Every structure is written in structure tokens, then in C-alpha cells.
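The following note sets out points for a colleague who is reading the model alongside its sequence. The metal site, the internal and open spaces, and selected elements are taken in turn.

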Amino acid sequence: MMEGSVNLSGDVRQQIDDLIADYAHAIDDDRLEEWPNFFVEDCSYRIINRENHEKGRLVGVMDCSSRGMLQDRILALREANVYEPHCYRHMQSGTRIRLVEGDIHHVETAFTVVRTMQEGDMSVFCAGKFVDEITFEDGQPKFRQRVVVTDSNRIHTLIVIPI
Amino acid sequence: MNETTQIKWPDDGVSRIPYQIYTDPKNYEREQESIFRGPIWSFVGMGQEIENPGDYQTTYIGDTPVIVLRDLDGEVQVIVNRCAHRGNLVCISKEGTTEELTCVYHNWRYDLQGNLQSVAFGKGVGKTGGMPDDFDQSKHGLQRLRTETYAGLIFATFSDTVAPLGEWLGEEMRENIDRVVGRGMVLLGTYSQYMPNNWKLYMENVRDSYHASILHMFQATFRINRLSMKGGIKLSDNGWHHISYSIAETDREEDQYDSKKLRAVKDGYSLADPTLVKGWREFDCGTTLAIQSVYPNFVVQQITNSLALRLCLPKGPEECELLWWVFGTPEDTDEQRDIRIKQSNMIGPGGVISMEDGVVGGWIQRGTRRDQDKTTIVEMGGRDVASSTEGRATEVSIRGFWRGYRDCMGI
Ligand code: FES
Ligand SMILES: [Fe+2]
């Protein structure tokens, strides 16, 4: 069967596009405390490289299995972890809705993240795709699952800000 | 060796380390000869990753590319990944399965033990060209290294004189490997961390138990304290390998691991989801943490139930790449596997406990690039190299690393 995109009513499609864009802007604008709110309570967020993802392995470089764990990540980043200040810029394209199963929308989006360090060094930190399961809670789209599949196995230095 | 370009060690000990050792390109070249091709065994991969005859993976010893494979007789071989003809990489892929090693450039073919089998157009074309009559194929195979496997871990060496692997590791080091990987490994994930610092800065960090509760603030911030621990540092007889460990002193599982009973102190933050730090008493000996470094650049890790192997590859004087293998055991229940996955959040480049280890080396690299004649100070806990029952206020395992370094480098 050919992989394709599902045609959805303009409204739903627009809401999903907005969720994906709002998510990236929240991270890039350092509104990280908002990040957990893009997910339902019983959620899953994982950053894993393509090789592991394709081999069906489960361990990547971040793995949160509840909204509480997402909050803890951000609190740790603000209060505990030591790193050089830096920010991300997400470039996203080609969002497609692969499949709709009941309330779950399976969505994929390609991304590139450029990392800028405090002294100005810039690099392509990460490229890959988001593999999402999006659901609607009180009419609002939320991630039930977001798997960040990174093309490279390498993380340069460290990863503290979520992608 | 050219004495005039050799780094001059500041004294006859291992408590002063010259900054130059982290940047000097000539010293880097010498390390490749004297350490990575010297009297050491290098970890190159897991036997189970090349399970069947013909399976191979490519990796590095130091910065020399090598192929790790299982030959058609089922024997593990480690072969330098360089064609005898003009030096092309013989295996391009990271992994695969093959019945022979064929160089794509001019089609020289080798068997899986590295013996040269045929040379394309070796007899010429239409009676002209071809290799000279005295070209002896049997003398132009791939370079095959001495190889040994211990508890499923494959090691190789360029050295003809280094002791057999088990002896070289010594009993205490073998025991810890048996404990952590001896039950078998189920690979849960692999990844790499690329760092802007000399490889030795990372290996010092691995052996640096002094910084653990100071640089890494996650546990303190969230008041994750485990009570009644004792710990210490074991060094191999020559000081080259180390294990830093903690052992829970009580047998009552709840006392150490139940996240609900973690000590809460005012002003501390608490975890919204404390299942992150949930674990179980996995080892009868009560060991809750054991970081083992096998000289010079291999690490066997147990942090509660988070098990991993790490290999730090030099990538030029001022860069290195840390490869991680995160694993569980074949006996793990689903619940135990899930706990290991959760605990994987503590480690690696995104590890809430230890991400700082990826960045501090780069800061030292930047801090020490100037004033190359100056030195660091490594004398917490004395100036000698010997096992210690004090785990935190000592840098003895770092001194052990430099003992091994000076032994190998002859400086
Ligand atoms: S370089 Fe390998 S065959 Fe020529
Ligand atoms: Fe550390």
C-alpha cells in the first residue's frame, strides 16, 4: 500500500498545523514551562535516533512517559542542570496526516533545529522527523505521543532543551 | 621516538598533569602508537551484534578503522579496515553481512580472515598489464589483530606482548564485568555523544568521583538521597583500571528505592512524577552504583538499574566521540525493562543526572588552551595510586589513569 496523506476537514487540519507550529515557537521562545501543556496527561515523549527507531529499540536520549515527567525535565533544566546558555530555532515542513484511527491522528513533520550558543556559535544541532499521535481534549489538539526521530546517532555535547 | 618533541612531565608523579597533554597534535599521534596500538585491549563491540557467520560491524581502535566480524567458522575476527592495495576502506557500511571482503575500488577480494583471494585483472588484460609475476598474494592480506571475547564483549589488540585479556583485566575487574554483563545483554538502545574536548578529559571525568555530588545537582535539587551507603574505589594492581562503587548497607529494599519515601526537605523541589527514580534491588551484593573504567577508554556502568557500556573514541586532539550501549538482561520482566527505560533519562547526553559530563570537558579544553606549560592539580586524597575506602574526597582513580598513561607513553 502506498503511504499517503489523509484529507481532513479544513478545521481539523488547521488545528493540527497550529499545534505543531505553536509547540516549536514555545520552545524557541524559551517558554518551556508551556511545553508540557501540549501533551495529554497520559502521554509519551521520546527522542530516539533513526537507527534505534527502525530496529524497534526503545531507549533514546530522552524518554518521558507522563506529563509530570515533562514538567520535571523543565524544572531540572531551570534549577539543577549546568550547561552553557543556548537556544533553538525549529524549521518545520511537510506536515502530513498519515492515518486517522478513531480520535487518534497519526501525523509526521520534518524538522531541522539550529542551535545558537551564547557566544554566537551556530550549528545544525538536529534534523529528523516528528512522529506524532494527536488527539483532541475538550476540542483542543494535544500530543498523546511525540517521537522525535533524529537522523543522526550523534548528539553534540549535550541535549537539555527538548526538541 | 623524538625526545625533543616529547612532552616533559612536570615531576615523577601523577598529581600534576600538563595542559599540553590535552591539545598537542604530536602527542596525539604518539598516543595512537603507544596507547591504542600499545599494551592494551580495546573494546570493539558485542558478540551478539555479530551473531551469525558473515555478520560484521565497523568501528575504531583509537582512530584506526577496524572491521569486527564473525567468520564462516564462527570465530570473531578484528581486521584493520584498509585495503592492502591502495588503502581504501574495505567495509563502508556500519554493519552488514557478507561472505567475503571485497574492496569496491579495484575489486581485490579477501576472505573473512583477511587473506587476499584474488586481484582483479591480476593476470592482465589480453596478455598485457597485470601484476608482476613475483607479486605474492599471500603476503598482502588485511591486517588481522589479536582478538579475545570476555562475557560477550569483544576486545582486540595490536600488541603481541600484552597479557591475555582475562589476566590483563585482573580478577576484580572481571568480577564486576561478570556481575553487570554476565547474565547476558538485551540491547535497549545505542547512541553517540560528540564532545569538543580531548578524549582524556572525558576519561578523567569518568574516574572523577569527587565531582559527582557537586557538579551534578539533579539529585540534590530534588532531594533524592539514598541513606546508608558505603562506597569506595577499587584499582587494579597497576592502577590502570578502576571501579568506583556504592553499596546500600541495609537489605531492606524499601529504604533505598521506594521513591515515595524519599527524604523531603523544605526548600527542595519535588518531582511531579517520582516514578523516574524508582528502581529495584537488582544485585544481592547491594551494589547500587558501579562505574568501571577499563584502561584506557572503555566504561562499564551500573547506576541503580541503568546498565550501559561506553567507549570514548579519540577524534583528533580536541574532539572525541562517546559511544553508548544501553542494555538490560534476558531475564528482565516487562516492568523491569520499563524501569530501565525510565532510568535511561538519568544518563547519556540528555541525562538529567549526568549531562554535565558532556560539557565540562569542552570548558576545560577552552580554559587550558593557553598557558600550555601549566598543569592541573590532582591530589585530592593524596598523591599515590591505591584502592580507597573513601569514594568522594579522592582523585585516586584519575591518578591511576595517568599512571597507565605514563607507563604506556614512556613519559
Ligand atoms: S584500493 Fe582496494 S582494490 Fe584498490
Ligand atoms: Fe559526572
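1. A residue is called buried under 20% relative accessible area, exposed over 50%, and partly exposed in between. At 45% relative accessibility, K230(B) therefore counts as partly exposed. The model under review is predicted.

2. K230(B) belongs to strand β13 of chain B, which covers residues 229-235. Leaving aside residues up to four places away in sequence, K230(B) is in contact with Y245(B), S246(B), I247(B) and E249(B). T288(B) is 58 residues from K230(B) in sequence, and the C-alpha atoms of the two are 10.0 Å apart in space.

3. Which atoms coordinate the iron ion (ligand 2)? The donors are NE2 of H211(B), NE2 of H216(B) and two OD atoms of D357(B), at 2.1 to 2.4 Å. Along the chain these donors follow the spacing H-x4-H-x140-D. H211(B) sits in the loop between α4 (199-207) and α5 (212-215) of chain B, and D357(B) in helix α9 (residues 357-368) of that chain, so the pair ties together parts that are 146 residues apart in sequence. H211(B) and D357(B) are both buried.

4. Why is the arrangement around the iron ion (ligand 2) irregular? The four donor atoms subtend angles of 58 to 151°. Four donors count as tetrahedral if all angles lie between 85 and 135 degrees, and the square planar class requires opposite donors over 155 degrees apart. The angles of 58 to 151° therefore make the arrangement irregular. For reference, the ideal angle for four tetrahedral donors is 109.5 degrees. Water is not among the atoms, so a site may look incomplete.

5. The largest pocket holds about 1300 Å³ of space. It is lined by 43 residues, of which A212(B), S213(B), Q219(B), S246(B) and L289(B) are the closest to its centre. At least two lining residues come from each of α4, α5, α6 (218-221), β13, β14 (242-248), β15 (287-294), β18 and α9 of chain B. The largest share, four residues, is supplied by β13(B). By class, the lining comprises 16 nonpolar, 20 polar and seven charged residues.

6. The second largest pocket has a volume of about 600 Å³. Among its 27 lining residues, those closest to the centre are T58(B), T59(B), Y60(B), K94(B) and L323(B). Both chains take part in this lining: α2 (50-55) of chain A and β3 (55-61), β12 and β18 of chain B each supply at least two residues. The lining divides into eleven nonpolar, eight polar and eight charged residues.

7. How many cavities of 30 Å³ or more does the structure hold? There are three, and the largest contains about 60 Å³ of space. Its lining consists of C64(A), M69(A), D72(A) and R73(A) together with F218(B), L276(B), N345(B) and V352(B). Helix α3 of chain A (residues 67-79) provides the largest share, three residues. Five of the lining residues are nonpolar, one is polar and two are charged.

8. In helix α8 of chain B (residues 334-343), the buried residues are Q336(B), I339(B), R340(B), I341(B), K342(B) and Q343(B). Their cover includes β2 (62-64) and α3 of chain A, along with β12 (186-195), β16 (298-303), β17 (306-314) and β18 (320-328) of chain B.

Notes: Residues numbered from 1 in each chain as written. Chains lettered and ligands numbered in written order. Predicted model: local features only at pLDDT ≥ 70, side-chain atom pairs only at ≥ 80, totals over all residues. Heavy atoms only, no water. Donors = N, O, S within 2.8 Å, 3.2 Å for Na, K, Ca; no water. Tetrahedral: all angles 85-135°; square planar, octahedral: opposite > 155°, others 65-115°. Buried < 20%, exposed > 50% of the residue type's maximum accessible area, 1.4 Å probe, protein only. 1 Å grid on protein atoms, 1.4 Å probe; cavity = no way out; pocket = protein on both sides within 12 Å on 5 of 7 lines; lining within 4 Å. Points joined across faces, edges and corners; volume = space filled by probe spheres on them. Nonpolar A, V, L, I, M, F, W, Y, C, P; charged D, E, K, R; others polar. Contact = heavy atoms within 4.5 Å.
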